[in-house]
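Q: I'd like to go through this model with you, contact by contact. Could you start with the terms and then take my questions as they come?

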Amino acid sequence: MKKSKQAIKKSLMFPILILGLIFLIACGGQQGGATPTTGSTGTSSPSPSAQSPSPSPTTTASSPAPQLKLINDGYLTVGTDASYPPMESVDPKTGQIVGADVDLANALAKAMGLKGAKMVNNSFDTIIAALQRGKFDIIMSSMNDTPERRQQVDFVDYMTASIGIVVPSDSNIKADSYKDLCGYTISVQRGTVELDELQKVNEQCPKKMTLKTFTQDTDAWQALVSGHVDVYTSDLPVTAFHIKENPSKFKLAGEPFSAGQNYGIAIPKNRQDLKDALAKALEQIRASGEYDRILKKWGVEGAALKE
């Protein structure tokens, strides 16, 4: 059946209206997305705000570590002579270095915004030279902060230092200082304040001491244990540890005496940034109580800084 002209016109107008509406909708959508905002992947010219990059995360005052140049990213690499229990020694069960210095190094590293500390075992008599060669970032090894060492490295002091003299429990030797040891055979570690002081005193002894020196302090201790020397001397925390482990066999020959210096964290001379970061971290762990908890854990709380 044929349609009238009017009917045909009406049937043609409807699709045209539909197409027009679709065109208008499409144009409206394109106009709304023509200027991409920040983060857009569009290729049109971005607005001025889109051209300014978002600020990158900055390091907070409590975590300055990313600004420090370190041997191992995210870690404080620490040189130590692991022959000095309870300050630093090798656990025979795990092979890991443990001790008060190890726990303090990890606490300091974390206070600096780092993941922790990596301990590197090194003989004490070459440890400053190794630091200067870049083997580690710092030294934490019960090292006395002396004027002579300050010529080579900087220090952040973190504990007080005292000296102990150990003899067999049946010994008649009485000694409150090295001046009382003239004429005796003494074992001591090389590169230490103890050896320096013994050598100075020995120059004045009417009957000379015999000084037997060892690379590791544990070997100096074994010289006394095996009966090859009359006396063993070391830092008080170490001598106290050995006596605690062998209470019926050994004793202090007298009252401990001051070494005249504190233990210091040794830092390369050109690293003021690292020195400042360590000093700030030490303040933080002392204020939080973690410093005291670590020293008490290892039985060396008597060596805590007083001020």
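A: A term to fix at the outset is accessibility: a residue is called buried under 20% relative accessible area, exposed over 50%, and partly exposed in between, with a 1.4 Å probe and protein chains only. The model is a predicted one, in which local features need pLDDT of at least 70 and side-chain atom pairs count only at pLDDT 80 or more, while totals for chains, interfaces and linings use all residues. Residues are numbered from 1 along each chain as its sequence is written, and side-chain values use heavy atoms, with hydrogens and water left out.

Q: Okay, salt bridges then: how many does a search of the whole structure find?
A: The search finds five salt bridges, where the term stands for a side-chain nitrogen of Lys or Arg within 4 Å of a carboxyl oxygen of Asp or Glu. One of them joins the side chains of Asp103 and Lys297, with N to O at 2.9 Å.

Q: And which parts of the chain does that pair link?
A: Distant ones: Asp103 belongs to helix 3 (residues 100-111) and Lys297 to helix 10 (residues 290-297), 194 residues apart. Helices here are DSSP runs of H or I with at least four residues, strands are runs of E with at least two, and both are numbered from the N terminus.

Q: Is Lys297 buried or exposed?
A: Lys297 is exposed, at a relative accessible area of 57%, whereas its partner Asp103 is partly exposed at 21%.

Q: Which residue does Asp145 bridge to?
A: Asp145 forms its salt bridge with Arg150, and the closest N and O atoms are 2.6 Å apart. Asp145 is buried, with a relative accessible area of 8%, while Arg150 is partly exposed at 39%.

Q: What about Arg271?
A: Arg271 pairs with Asp273 in a salt bridge whose closest N and O atoms lie 2.9 Å apart. Here Arg271 is the buried partner, at 15% relative accessible area, and Asp273 is partly exposed at 36%.

Q: Now Glu88, which is buried: what is the nearest side chain of opposite charge?
A: That side chain is Arg149, 11 Å away, and Glu88 has no salt bridge although it is buried; in this count Lys and Arg are positive and Asp and Glu negative, with His and the chain ends not counted. Glu88 sits in strand 3 (residues 88-90), and its side chain makes a polar contact of 2.8 Å with that of Ser142. A polar contact is a pair of N or O atoms within 3.5 Å; within protein, one must be able to donate a hydrogen and the other to accept it, and residues adjacent in sequence count only if both atoms are side-chain atoms.

Q: Where is Ser142, and what is its phi?
A: Ser142 is in the loop between strand 6 (138-139) and helix 5 (147-150), and its phi is positive, about 50 degrees, although the residue is not a glycine. Ser142 is also buried, at 4% relative accessibility.

Q: Where is the cis peptide bond?
A: The cis bond runs from Pro85 to Pro86, with omega near 5 degrees, and Pro86 lies in the loop between strand 2 (83-84) and strand 3. As background, most residues other than glycine have a negative phi, and most peptide bonds are trans.

Q: Switching to disulfides, how many does the structure hold?
A: The structure holds one, a disulfide being a pair of cysteine sulfur atoms within 2.5 Å. The disulfide joins Cys182 to Cys205 with S to S at 2.0 Å, and the torsion about the S-S bond is about -70 degrees, so the disulfide is left-handed. Cys182 is partly exposed at 24% relative accessible area, but Cys205 is buried at 4%.

Q: Last topic, the aromatics: which residues form a cluster?
A: Trp221, Tyr232 and Phe250 form one aromatic cluster. Rings of Phe, Tyr and Trp (its six-membered ring) pair if their centres lie within 6.5 Å, and planes under 30 degrees apart count as stacked, over 60 as edge-to-face and the rest as tilted. The structure holds four aromatic pairs; among them, Trp221 and Tyr232 have ring centres 5.3 Å apart and planes at 70 degrees, so that pair is edge-to-face. Trp221 is buried at 5%, and Tyr232 is buried at 0%.
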